Amino acid sequence: MSERPTVRVDVAERRTVRVDLAERGYDIVIGERLLETAEDVLAPVVAGRRTVVVTDAVVRDSHLPRLAQALERLDIRWDTVTIPVGEGAKSFRDLEALLERLLDLGIDRSTVLVAFGGGVVGDVAGFAAALFMRGIDLVQIPTTLMSQVDSAVGGKNAINTRHGKNLVGTFHQPRIVLNDVSVLESLPRRELLSGYGEIVKCGLIRGEREFGWLEEHAPALLAFDSGPLIEAVRMGCETKARIVTADERDRGDRALVNLGHTFAHAVETEAGHGALPHGEAVAAGLAAAAALSARLGHCEPSIVHRLRSHLRNAGLPDRIAALASNRHWNSGAILGHMSHDKKTVAGRVHFVLLRGIGAPFVDGSVPPNAVLEVLDNECRRG
Ligand code: MG
């Protein structure tokens with residue numbers, strides 16, 4: 001599918017992934033220490049235009065000074081608006097507060113909104129950009145591994161309501177995504193690993209070469225070796241970009257990016273939202289999806305073993321029982337949550353399964369007893 005990934009990347013090297021959506025197409029630029037030299041990447045979008053950076057207090061304090069250097073060199077009028085830290089900001093209340101704040105600033109339809117932060121900032125700022133005067137330009141500068149490879153790519157945004165997560169939102173593609181891997185060094189280890197869970201998913205979707213590359217290079221990239229880290233982010237973005245390009249509005253093939261997620265979402269619901277890092281639930285979900293694929297005879301059991309050992313070696317849970325390990329997981333309750341998943345179509349749970357590494361497919365007719373059998377095993381301790 002792709003050119004052979006390079007193992008060594010010069011410090012100054014940048015990689016670009018194109019999200020090919022005709023007039024809504026855009027580039028994802030990936031590299032090291034991009035923030036302080038962001039002016040050339042940002043200029044095609046923001047030069048000569050008023051700009052508002054939406055961020056939270058944590059990202060503002062640790063990373064804004066470096067982005068500010070680039071904005072100053074662009075010689076534009078720019079402001080910063082902060083939203084609260086954490087998932088709670090994905091609410092009607094905080095969205096409203098942000099929109100009112102933008103109106104207070106007196107910005108207009110030609111203003112560019114820059115989402116500078118993790119997934120929450122990307123969602124709330126992206127939603128605000130879609131709504132403000134019926135849509136203004138958006139730039140994504142994600143600052144977590146999870147958002148760099150997943151949520152900042154593809155144009156989806158959403159907030160949570162009392163009915164559940166991500167049920168209210170829009171599609172609003174950014175004009176550019178800037179992924180500076182240097183900001184990832186300040187992430188807590190657990191958050192870095194959580195993002196890596198989505199990269200493992202991408203390797204499984206892509207093929208033997210990509211998954212094998214991750215097996216070989218995970219220790220280096222998780223130790224912030226910039227060459228492998230840039231390559232892993234590139235592979236993750238490219239995987240998401242290809243799938244999004246094929247199905248921008250999430251009506252068919254985009255489901256493939258949900259490999260492991262039917263299990264992950266059900267486990268997250270059972271744990272209580274926010275109790276587990278998303279990527280840990282995804283890691284356990286990938287193992288469960290592979291085990292279900294093997295149980296149904298779609299793939300070799302050796303793939304399940306290989307995936308579990310890669311997850312363990314990386315420091316991720318390799319089964320549901322390895323999540324929050326002091327907890328007893330109830331397989332029946334997890335199965336129950338699946339039928340309420342947003343991705344359920346006409347009452348049927350759609351699983352993304354594997355015929356092998358690089359061969360995901362959607363199956364809407366998996367017998368519930370097979371799922372329960374797999375869940376029993378994935379939840380069993382010891
Ligand atoms: Mg995910």
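This is a working chat about a predicted model of a protein chain with a magnesium ion.

Trainee: How is the protein chain divided?
Mentor: Into domain 1, residues 15-185, and domain 2, residues 189-379. Keep in mind that this is a predicted model.

Trainee: What separates the centres of domain 1 and domain 2?
Mentor: 27 Å, taken over C-alpha atoms.

Trainee: And how many residues are in contact?
Mentor: 30 residues of domain 1 are in contact with 31 residues of domain 2. The two domains bury about 2700 Å² between them. Carbon and sulfur atoms account for 69% of that area.

Trainee: Which three residues supply more than any other three on the domain 1 side?
Mentor: Leu145, Met146 and Val149. They supply 23% of the area that domain 1 buries against domain 2.

Trainee: Switching to the metal. Which residues are the protein donors of the magnesium ion?
Mentor: Glu198 donates through OE, and His261 and His278 each donate through NE2. These donors lie 2.0 to 2.2 Å from the ion. Their spacing in sequence is E-x62-H-x16-H.

Trainee: Where are the two histidines, in terms of helices?
Mentor: Histidine 261 is in helix α9, residues 261-271. Histidine 278 is in helix α10, residues 278-295. The two are 17 residues apart.

Trainee: Is histidine 261 buried or exposed?
Mentor: Buried, because its relative accessible area is 5% and the cut-off for buried is under 20%.

Trainee: How does histidine 278 count?
Mentor: As partly exposed. Its relative accessibility is 23%, so it falls between the 20% and 50% cut-offs.

Trainee: On to the core. Which residues touch the most other members of the largest nonpolar core?
Mentor: Leu42, Leu67 and Tyr196, in a core of 109 residues. Helix α10 gives the most to this core, with twelve residues. The core also draws at least three residues from each of domain 1 and domain 2.

Trainee: What does tyrosine 196 touch?
Mentor: Leaving out residues up to four places away in sequence, tyrosine 196 touches Leu145, Leu214, Ala218, Leu221, Leu222, His310, Ala314 and Leu316. Leu145 came up earlier, at the domain boundary, as one of the three residues supplying 23% of the area domain 1 buries there.

Trainee: What is in the second, separate core?
Mentor: It has 24 residues, including Ala115, Phe127, Phe132 and Ile159.

Trainee: Now strands. How many bridges join β1 to β2?
Mentor: Six, and the strands run antiparallel. Strand β1 covers residues 14-19. The bridge partner of threonine 16 in β2 is valine 29, and that of arginine 14 is glycine 31.

Trainee: What happens in the hairpin between them?
Mentor: There are six residues between the strands. Among them, alanine 22 takes a positive phi near 45°.

Trainee: In what sense do β2 and β9 pair?
Mentor: Parallel, over five bridges. Strand β9 spans residues 176-180. Glycine 31 stands opposite aspartate 180 in β9.

Trainee: Why is β2 largely enclosed?
Mentor: Because five of its six residues, 26-31, are buried.

Trainee: Which residues of β1 are on its covered face?
Mentor: Arg15, Val17 and Val19. The uncovered face has Arg14, Thr16 and Arg18. Side chains in a regular strand alternate between the two faces of the sheet.

Trainee: Any odd backbone angles elsewhere? What about methionine 133?
Mentor: Methionine 133 has a positive phi of about 45°, although it is not a glycine. It sits in the loop between α4 (119-131) and β6 (137-142). At 35% relative accessibility, methionine 133 counts as partly exposed.

Trainee: And where is asparagine 166?
Mentor: In strand β8, residues 164-171. Asparagine 166 has a positive phi of about 55°, and it is not a glycine either. Its relative accessibility is 28%, so it counts as partly exposed.

Trainee: Last one. Where is glycine 252?
Mentor: In the loop between α8 (226-246) and α9. Glycine 252 is partly exposed, at 36% relative accessibility. Its C-alpha atom is separated by 23 Å from that of methionine 146, and the two residues are 106 apart along the chain.

Note on methods:
Residues are numbered from 1 along each chain as its sequence is written. This is a predicted model: local features need pLDDT of at least 70, side-chain atom pairs count only at pLDDT 80 or more; totals for chains, interfaces and linings use all residues. Side-chain values use heavy atoms; hydrogens and water are left out. Donors are N, O and S atoms within 2.8 Å of the metal (3.2 Å for Na, K and Ca); water is not among the atoms, so sites may look incomplete. Helices (H or I, at least four residues) and strands (E, at least two) are DSSP runs, numbered from the N terminus. Buried means under 20% relative accessible area, exposed over 50%, partly exposed in between (1.4 Å probe, protein chains only). Two strands pair if DSSP finds at least two bridges between them. A nonpolar core is a set of buried Ala, Val, Leu, Ile, Met, Phe, Trp, Tyr and Cys residues joined through side-chain atoms within 4.5 Å. Domain bounds come from an automatic or database domain assignment. Contact means heavy atoms within 4.5 Å. Buried area is the accessible area (1.4 Å probe) that two parts lose on being put together, summed over both.
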